[in-house]
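I opened this notebook to keep a record of what I looked up in one structure, item by item. The sequence and the coordinates come first, and my entries come after them.

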Amino acid sequence: MNELVDNGIQLYQFPEDDETTAHMNSSLKRHLPFAVVGSMDEVKVGKRMVRGRQYPWGVLQVENENHCDFVKLRDMLLCTNTEDLKEQTHTRHYEHYRCHRLKKMGFTDVGPDNQPVSFQEIYEAKRQEFYEQCQKEEEQLKQRFMQRVKEKEAAFKEAEKELQDKFEHLKRVQQEETMKLEEERKQLEEEIIDFYKMKAASESLQAQMCTNVKKDKERKK
């Protein structure tokens, strides 16, 4: 106990409002600090099941006051000092937390000149400050959004320009290929016409030669 006090660790102060409570709490205070063991398991001791822990050397029973102080702690919290703990929680711990949170939010009882300040005035000032902060953040969000929209539009226009340039390039290539194929087609048609002309001339020459051969044969007869 002395080590706890020396290290600044605060302990619960048992109330002593009436003789019955004082007597019960004095008995509990003699066992501080409580040595508590907990368990969710049930083990068999003799012919009954008890909540405890099974060890190689035996069973440690949670609700056996000779083994640990769980029962004393339970009685102290739920039976003897429940109302006092609730009151302490509300009047000390919660009030301390509430005051700390209000100070952190900027709510104080006095102004810069140490004069009392109305809570309503502080609330309205904080409300106006919060509203202005929200407006400022909203404007910043709008500006960032518009900036991102502009960046996206610029990126889309750049991509559209690249696609248009690529399309124009492919279109020119296709036109050049079409013109090339058209020239090759015309050249092929001219070659076909020349071929048929040569064929016709060859056939005409061959027919003429055959006629001359026949005439020579007839002349010899």
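The entries below go from salt bridges to a helix face, then to cysteines, a glycine and the long helix.

**Entry 1, model and salt bridges.** I noted at the outset that this is a predicted model. I then counted the salt bridges and arrived at 9. Among them is the pair Arg51 and Glu42, whose side chains meet with an N to O distance of 3.9 Å, which falls within the 4 Å that the rule allows. I looked up the exposure of both partners and found Arg51 partly exposed, with a relative accessible area of 35%, and Glu42 partly exposed as well, with 49%.

**Entry 2, Arg74 and Glu63.** Next I took the salt bridge between Arg74 and Glu63, where the closest N and O atoms are 3.5 Å apart. The pair links distant parts of the chain, since Arg74 sits in helix α3 while Glu63 belongs to the loop between β3 (58-61) and α3, with 11 residues separating them. Arg74 counts as partly exposed because its relative accessibility is 33%.

**Entry 3, Lys72 and its partners.** I asked myself which residues are joined with Lys72 into one network by salt bridges that share partners. The side chain of Lys72 meets that of Glu65 in a salt bridge of 3.1 Å, N to O, and shared partners join Glu65, Asp69 and Lys72 into one network. The accessibilities of the bridged pair were worth writing down: Lys72 has 10% and therefore counts as buried, whereas Glu65 has 46% and counts as partly exposed.

**Entry 4, the buried side of α3.** I listed the buried residues of helix α3 (residues 70-80), which are Val71, Lys72, Met76 and Thr80. They cover an arc of only 135 degrees around the axis, so they lie on the same side of α3. As a general point, an α-helix has 3.6 residues a turn, so residues three or four places apart point the same way.

**Entry 5, cysteines.** How many disulfides does the structure hold? My search returned 0 disulfides. I still checked two cysteines for exposure, and Cys68 counts as buried because its relative accessibility is 3%, while Cys134, at 32%, counts as partly exposed.

**Entry 6, Gly52.** I located Gly52 in strand β2 (residues 48-55) and asked whether Gly52 is buried or exposed. With a relative accessibility of 2%, Gly52 counts as buried. I also computed its separation from Val37, and the two residues, 15 apart in sequence, have C-alpha atoms 8.3 Å apart in space.

**Entry 7, the annotated coiled coil.** The unreviewed UniProt entry places a "coiled-coil region" at residues 120-198, and I compared that record with the model. The span is 100% helix and 0% strand, and its end C-alpha atoms lie 114 Å apart. I record the annotation as UniProt's, bearing in mind that such annotations may be inferred rather than shown by experiment.

**Entry 8, a nonpolar patch.** Finally I looked for nonpolar surface and found a patch of about 430 Å², made by Leu188, Ile192, Phe195 and Tyr196. I followed up on Tyr196, which is found in helix α5 (residues 119-220). Tyr196 counts as exposed because its relative accessibility is 53%, and exposed here means over 50%.

Key. Residues numbered from 1 in each chain as written. Predicted model: local features only at pLDDT ≥ 70, side-chain atom pairs only at ≥ 80, totals over all residues. Heavy atoms only, no water. Patch = residues over 30% accessible without salt bridge, like charges linked within 9 Å, V, L, I, M, F, W, Y side chains within 5 Å. Areas by Shrake-Rupley, 256 points an atom, 1.4 Å probe, with all protein chains shown as cover. Helix = DSSP H or I, 4+ residues; strand = E, 2+ residues; numbered from the N terminus. Buried < 20%, exposed > 50% of the residue type's maximum accessible area, 1.4 Å probe, protein only. Disulfide = S-S within 2.5 Å. Arc of directions from axis to C-beta.
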